[in-house]
Amino acid sequence: MPKRKAAPSERSKLANYLVGQVCWGLMSAVQAQTIAQLAVEDAEEAPNELKRLAKVGSSGQCPQNVWRDLKRSMIAVHLPEPQDVLIENEVYKILYPHEVLASLYQNYRDMFNAMFDVTEAARFWDDVKNTKMFREHPLSGRSDQARALPIGLHGDGAPVSAKGKTWQKSADFLSFSSLIGSGAHRLLHIIISAVWTLGLSQFLGESLDEKRRVMQQYWKHVAWSLHACWLGTWPTEDPEGNPLRNQAAGKPLAGGLFFVLWVLQADLEFQHNFWGLPHWTNNLPCNRCGCTRDDFLNFNGPWVSSGYDKKTWNARCKAAKVCALFALAGCWGGTVQPDLMHTKYLGVDQYFLASVIFVLARVKQIHNWFELLETYWKDRQVTSHFRSMKDSMWAPKDRQGETDSRQQAPA
Ligand SMILES: [Zn+2]
């Protein structure tokens with residue numbers, strides 16, 4: 001029985017942790033290598049995994065090679081690579097959602113299950129079954145809703161380098177995510193592509209129509225992949241409609257599960273530039289109804305009952321001609337969710353919330369609103385309360401003594 005002792009010293013918890021930190025972008029590869037090297041020097045006999053990590057980049061002598069070596073020696077990745085898509089002589093890299101989902105299902109089932117709580121699917125569709133969105137969706141007539149997993153698409157621009165400087169460079173990011181996941185936020189969002197904002201406007205000129213013409217080709221590729229997700233099978237045609245004759249074509253992506261694009265989310269700028277939705281300063285600024293710029297704050301206005309259905313939206317909004325996503329099953333203006341975090345100025349929350357409380361306490365005269373709030377916090381196990389807010393701040397003058405005494409009692 002020769003040499004059975006080697007086994008326990010193979011795996012290293014520290015190496016595993018360090019590689020994880022690097023992969024999540026929380027630590028540089030060089031930092032991880034340095035820590036591993038110091039740990040190996042300190043330890044009497046370090047595990048092999050840690051030794052291998054310490055040796056990458058010629059033991060840190062060539063820092064520029066550390067990441068390359070790390071990928072070669074430590075990380076066995078079974079995920080698809082982003083594909084090069086040539087649009088108007090410019091290469092765009094797209095990580096196709098259907099390829100990622102199939103790979104997660106095949107190779108990382110735990111991760112897939114964390115991303116999609118499959119047992120939640122039926123409940124999700126049951127929760128939304130009375131919405132206009134669901135009634136308009138082809139899924140509503142199907143009996144296999146429990147196998148349909150809802151996903152969302154999120155687009156946003158973000159500064160990438162020289163943040164805050166005049167030479168700042170931004171990119172527009174597109175990602176997708178599960179809507180029934182239980183894992184951390186960063187586990188649920190998967191990047192599809194990043195496009196240099198500057199590159200797009202410089203390379204293509206400033207004309208929005210020209211940009212959109214190019215983006216239309218880009219969306220065709222994204223929509224092609226999302227259509228495969230909806231079918232739940234590997235594509236039988238390429239994005240241009242040419243037949244694909246590979247072995248996988250037509251076979252299930254994820255054991256018969258399929259993915260429903262349920263939400264399109266982005267800020268108003270992205271919605272306008274990339275999806276062709278109305279500009280917020282238009283006379284008809286809304287994607288969901290026929291409100292006008294002059295009456296959208298009039299809550300008794302005609303727009304209140306003029307919400308579009310799919311047919312009206314198709315007739316009124318030109319977005320379907322701009323963005324191929326709107327040709328996907330069940331996808332229309334109603335799929336676009338206004339993203340509150342992106343359509344307001346930072347710092348307005350306090351006024352917004354105060355207005356809600358004002359309406360409750362003064363207009364609707366719900367005198368026990370604060371108790372209701374406390375009950376809500378307790379029921380939902382909310383840990384972050386408004387600590388400095390008191391009922392008495394909102395009570396009308398003639399009720400202030402009354403509410404103050406109530407405030408003191410439970411404390
Ligand atoms: Zn509206």
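1. Two residues are taken to be in contact, here and below, if their C-beta atoms, placed from the backbone, lie within 7 Å. The structure discussed in this note is a predicted model.

2. With that meaning of contact in mind, one can ask what covers the buried residues of helix H1. The cover includes helix H2 (29–42), helix H3 (48–59) and helix H4 (66–73).

3. The residues that are buried in H1, which spans residues 13–23, are Ala15, Leu18, Val19 and Val22. Seen down the axis of H1, these buried residues fall within an arc of 95 degrees, so they line one face of the helix. On the other side of H1, Lys13 and Gly20 are exposed, and the helix is followed by Gly25, whose phi is positive, near 75 degrees.

4. As for the wider layout, the protein chain is divided into domain 1 (9–73), domain 2 (83–277 + 317–342) and domain 3 (349–408). Between the C-alpha centres of domain 1 and domain 3 there is a distance of 53 Å.

5. The largest nonpolar core has 57 residues, and the members that touch the most other members are Val260, Leu261, Cys323 and Leu325. Helix H11 (residues 208–231) gives the most to this core, contributing eight residues. A second core, separate from that one, has 15 residues, including Ala15, Leu18, Ala46 and Leu70.

6. Leu261 deserves a separate look: which residues is Leu261 in contact with, leaving aside its neighbours within four places in sequence? These partners are Ile151, Leu153, Leu226, Trp230, Leu328, Cys331 and Thr335.

Terms used: Residues numbered from 1 in each chain as written. Predicted model: local features only at pLDDT ≥ 70, side-chain atom pairs only at ≥ 80, totals over all residues. Buried ≥ 20, exposed ≤ 12 C-beta atoms within 10 Å, placed from the backbone. Helix = DSSP H or I, 4+ residues; strand = E, 2+ residues; numbered from the N terminus. Arc of directions from axis to C-beta. Domains from an automatic or database assignment. Core = buried A, V, L, I, M, F, W, Y, C linked by C-beta atoms within 7 Å.
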